[in-house]
Amino acid sequence: MLRRRVIPCLDVAGGRVVKGTRFVDLVDSGDPPELAARYADEGADELVFLDISAAPEGRSTLLDIVERTARRAFIPLTVGGGVRSVIEMRAVLRAGADKVSLNTAAVADPSLITRCARRFGSQAVVVAIDARRRADTASWEVVVRGGREPTGRDAVTWALEAVERGAGELLVTSIDRDGTRSGYDTELLRAISSRVPVPVIASGGAAGPEDFVAAVRDGGADAVLAASIFHQRLHAIADVKAAMQAAGLSVRAA
Amino acid sequence: MSGTPLPVAVVDYGAGNLVSIEQALTHVGAQPWRARRAAELANAAALIVPGVGAAGSAMARLRRSGLVDPIRDWIAADRPFLGICLGLQLLFDSSDEDGARTLGILPGVSRRLVDAPTLPHIGWNQVRRRRSHPLFDGLSDDADLYFVHSYVGAPTAAASDAILAETEHGRLFVSAVARSNLLGVQFHPERSGADGLRVLSNFVRLAATANARAA
């Protein structure tokens, strides 16, 4: 039976993991490949690197990080942040990433999804959707540029279009919940997961193991992503998986 | 096994992430390189065809590189071979994915997964062995391995002897085949953590033994 995945996300800027980390016993606590290898050992099912600098000069640093990680962590690696073209995606894959997540650039030009999927296969194309709940209705609007810019697009409609164009997975982030430790937006997740055939990765709002359970059970997510609760050692991957297993969800042994 | 790293040719037809397979092979003590032309298979002791993406374009690229016959000859000579993911599906006669004619080594067709709760089938899943095989030495019976695919090879009765393992996603599908030195896996051993590295290490060891026997 297919396991539900637990995915630590590493926000990277200037070659370092940003957002506080508490890997105090590591010599170089902010080194992304070091952290990645550690999470792999601790039972992470996949890893996501998010390049939050996304500045042109940060690109070669990022590729170097991806390459060093691929040498040590033999689990799937997704890279997101600032990929705007087939050529840029190719460079990231060539460095050793398995998938690329497209966000702002895909909203600006949805044909990017089609072109990347045609060239590298749908399995390599994750479309990241940042969604904000609309005030009056049970609907969500797609926002871009780290949640700063509304687009007027409906998140569910955009999810359907992204899949139609060749997305192999959707990474769905609730901008309302992101960083708040108030739990995943399971209604948003359910609204999307119930409408698309591809796996949905939940993101934004994790506070504890029970939120991972809810994202899967109530939100229908296939995978659950979190950053700070892992980096700050608030919860271990093994604890999250134990809670999921106790709730009757199928997980890989950590 | 001797201390000399086993030379392994990884067929490069322009698709997929070859870095991870190379890194994983190096990690288990092999010496991998990318083969883009037939001449680059010459010194190899084992051959790996990896790959993700569509069967039709993969076959077109293999044909353009003049690699189709060398791969067939390699397998016909019973030399150590491992097909990974699409590399396994290509072993069958054809694929429903863009109607491609494939290598025709194992009787059967690659078909889209039916009754799958999610598609593509992405993630860790159990690989249930039908029989014991040294490719899985050191793995527990319920070991999870990493899958990323929408199509699967469906062997006919004439190839049922080759079925080594099955996996469930909606329905059971064939997730590993073995016929003498011909091996194929639908999962990605290079992305399946310690258990995946064990599978690759087992393949390298089996290949070394086969070469020593042939020498």
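Two strands count as paired if DSSP finds at least two bridges between them. Keep that handy for the exercises below, which all use a predicted model.

**Exercise 1. Work out how strand 1 and strand 3 of chain B are joined, and find the residue that stands opposite Ala9(B).**

Step 1: Find the two strands: strand 1 covers residues 6-11 of chain B and strand 3 covers residues 46-49 of chain B.
Step 2: Check the bridges. There are three, and at least two are needed, so the strands pair.
Step 3: Get the direction: the two strands run parallel.
Step 4: Look across from Ala9(B), and you land on Leu47(B) in strand 3 of chain B.

**Exercise 2. Put that pair into its sheet in chain B, then find the edges and the helices that pack there.**

Step 1: Read off the strand order, 2-1-3-4-13-12-11-8, in an open sheet of eight strands with mixed pairing.
Step 2: Pick out the edges. Strand 2 (30-35) and strand 8 (128-129) of chain B each have a single partner strand, so one side of each has no neighbour in the sheet.
Step 3: Add helix 1 of chain B, which lies across strands 1, 2 and 3 of that chain and runs at about 155° to strand 2.
Step 4: Add helix 5 of chain B, which packs on the sheet and touches strand 1, strand 2, strand 3, strand 4 (81-84) and strand 13 (182-185). The direction of helix 5 makes about 115° with that of strand 1 of chain B.

**Exercise 3. Describe the side of chain B that touches chain A.**

Step 1: Count the residues on both sides: 27 from chain B and 28 from chain A.
Step 2: List the elements of chain B that give two or more residues: helix 1 (18-27), strand 7, strand 9 (144-149), strand 11 (163-169) and helix 5 (193-214).
Step 3: Find the largest share, which is the six residues from strand 7 of chain B.
Step 4: Sort the chain B side by class, and you get eleven nonpolar, twelve polar and four charged residues.

**Exercise 4. Track down some backbone oddities in the loops, and say how exposed Asp98(B) and Arg181(A) are.**

Step 1: Start with the cis peptide bond between Leu119(B) and Pro120(B), where omega is about 0°. Pro120(B) sits in the loop between strand 6 (106-112) and strand 7 (121-126) of chain B.
Step 2: Go to Asp98(B), a non-glycine with a positive phi of about 50°. Asp98(B) has 11 C-beta neighbours inside 10 Å, so it counts as exposed.
Step 3: Finish with Arg181(A), also not a glycine, with a positive phi of about 55°. Arg181(A) has 14 C-beta neighbours inside 10 Å, so it counts as partly exposed.

Terms used: Residues are numbered from 1 along each chain as its sequence is written. Chains are lettered from A and ligands numbered from 1 in the order in which they are written. This is a predicted model: local features need pLDDT of at least 70, side-chain atom pairs count only at pLDDT 80 or more; totals for chains, interfaces and linings use all residues. Helices (H or I, at least four residues) and strands (E, at least two) are DSSP runs, numbered from the N terminus. A residue is buried if 20 or more other C-beta atoms lie within 10 Å of its own, exposed if 12 or fewer, and partly exposed in between; C-beta atoms are placed from the backbone. Two residues are in contact if their C-beta atoms, placed from the backbone, lie within 7 Å. Ala, Val, Leu, Ile, Met, Phe, Trp, Tyr, Cys and Pro count as nonpolar, Asp, Glu, Lys and Arg as charged, and the others, Gly among them, as polar. Axes are lines fitted to C-alpha atoms, for helices over the stretch in contact, and angles run from 0 to 180 degrees between N-to-C directions.
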